[in-house]
Amino acid sequence: INPVPASPTGNNGSRCGTGTVTLTASPGTNGNTVRWYSASTGGTLLYTGTSYTTPSLSATTTYYISSYNSSTTCESTASRVQVTATINPI
């Protein structure tokens with residue numbers, strides 16, 4: 001039985017007006033990768049990596065991250081972490 005990876009840590013991002021936001025995260029354990037999702041459970045896998053640039057946004061949007069260990073194929077999906085891209089008015 002393989003252990004479930006520790007939850008990652010995420011950094012929120014913001015910008016003024018419509019556009020992209022770059023969000024960053026750390027997988028918490030060496031060798032793990034960060035997976036970015038559109039929902040806290042289920043949802044669409046958007047990207048794999050420690051830095052995610054959103055599509056152009058006009059409203060604040062929340063994304064969810066998990067840690068994934070490719071050696072064991074275990075993922076911290078039960079404890080996805082919320083990361084927010086804030087769009088501030090100009």
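# Strands, burial and one salt bridge in a predicted model

Student: What makes β1 and β3 a pair of strands?

Tutor: In this predicted model, 3 bridges join β1 to β3, the strand of residues 22–26. Pairing calls for at least two bridges, so 3 bridges are enough. The two strands run antiparallel. T9 has S26 of β3 as its bridge partner, and N11 stands opposite T24 in β3.

Student: How do you know that β3 and β6 pair as well?

Tutor: The count for β3 and β6 is 3 bridges, in the antiparallel sense. Set against the minimum of two, that qualifies as pairing. One of the residues involved is L23, whose bridge partner in β6 is Y52.

Student: Why are β1 and β6 called edge strands?

Tutor: The sheet is open and has 3 strands, in the order β1-β3-β6, with antiparallel pairing. β1 (9–11) and β6 (51–53) each pair on one side only, and they are its edge strands. From one strand to the next, the twist averages 20°.

Student: Which residues of β3 are on the covered face, and which on the uncovered one?

Tutor: L23 and A25 make up the covered face of β3, while T22, T24 and S26 make up the uncovered one. In a regular strand, side chains alternate between the two faces of the sheet.

Student: In which sense do β2 and β9 pair, parallel or antiparallel?

Tutor: β2 (residues 13–16) and β9 (residues 81–88) pair in the parallel sense, over 4 bridges. In that pairing C16 stands opposite N88 in β9. β9 also pairs with β7, in the antiparallel sense and over 5 bridges. There, T61 has A85 of β9 as its bridge partner.

Student: Why is C16 called exposed?

Tutor: The relative accessibility of C16 is 51%. Exposed means over 50%, so C16 qualifies.

Student: Is C74 buried or exposed, and what is its relative accessibility?

Tutor: C74 has a relative accessibility of 17%. The limit for buried is under 20%, so C74 counts as buried.

Student: How many disulfides does a search of the whole structure find?

Tutor: The search finds 0 disulfides. To count, a pair of cysteine sulfur atoms has to be within 2.5 Å.

Student: What makes R35 and E75 a salt bridge?

Tutor: The closest N and O atoms of R35 and E75 are 3.1 Å apart. The cut-off is 4 Å, so the pair counts as a salt bridge. R35 lies in β4 (residues 33–37) and E75 in β8 (residues 74–75), so the pair ties together parts that are 40 residues apart in sequence. Both R35 and E75 are buried. The structure holds 1 salt bridge.

Student: Why is Y37 called buried?

Tutor: Y37 lies in strand β4. Its relative accessibility is 7%, which is under 20%, so Y37 counts as buried. Beyond its neighbours within four places in sequence, Y37 is in contact with residues including L45, L46, Y63, Y64, E75 and R80.

Student: How do you know that T54 is buried?

Tutor: At 2% relative accessibility, T54 meets the limit of under 20% and therefore counts as buried. T54 is found in the loop between β6 and β7 (61–69). Leaving aside neighbours within four places in sequence, T54 is in contact with G19, T20, V21, L23, Y63 and A85.

Student: What elements does the protein have?

Tutor: The protein has 0 helices and 9 strands.

Student: Why is the protein called as compact as a globular protein of that length?

Tutor: The radius of gyration is 13 Å, and the globule rule gives 12 Å for 90 residues. The two values are close, so the protein is as compact as a globular protein of that length. Along its principal axes the C-alpha trace spans about 50 × 25 × 15 Å. Buried residues make up 36% of the 90 residues.

Student: What share of the contacts with a separation of 6 or more is between residues 24 or more positions apart?

Tutor: Residues 24 or more positions apart account for 61% of those contacts.

Conventions
Residues are numbered from 1 along each chain as its sequence is written. This is a predicted model: local features need pLDDT of at least 70, side-chain atom pairs count only at pLDDT 80 or more; totals for chains, interfaces and linings use all residues. Side-chain values use heavy atoms; hydrogens and water are left out. Axes are lines fitted to C-alpha atoms, for helices over the stretch in contact, and angles run from 0 to 180 degrees between N-to-C directions. Buried means under 20% relative accessible area, exposed over 50%, partly exposed in between (1.4 Å probe, protein chains only). A salt bridge is a side-chain nitrogen of Lys or Arg within 4 Å of a carboxyl oxygen of Asp or Glu. The radius of gyration is taken over C-alpha atoms; the globule rule is 2.2 Å times the number of residues to the power 0.38. Contact means heavy atoms within 4.5 Å.
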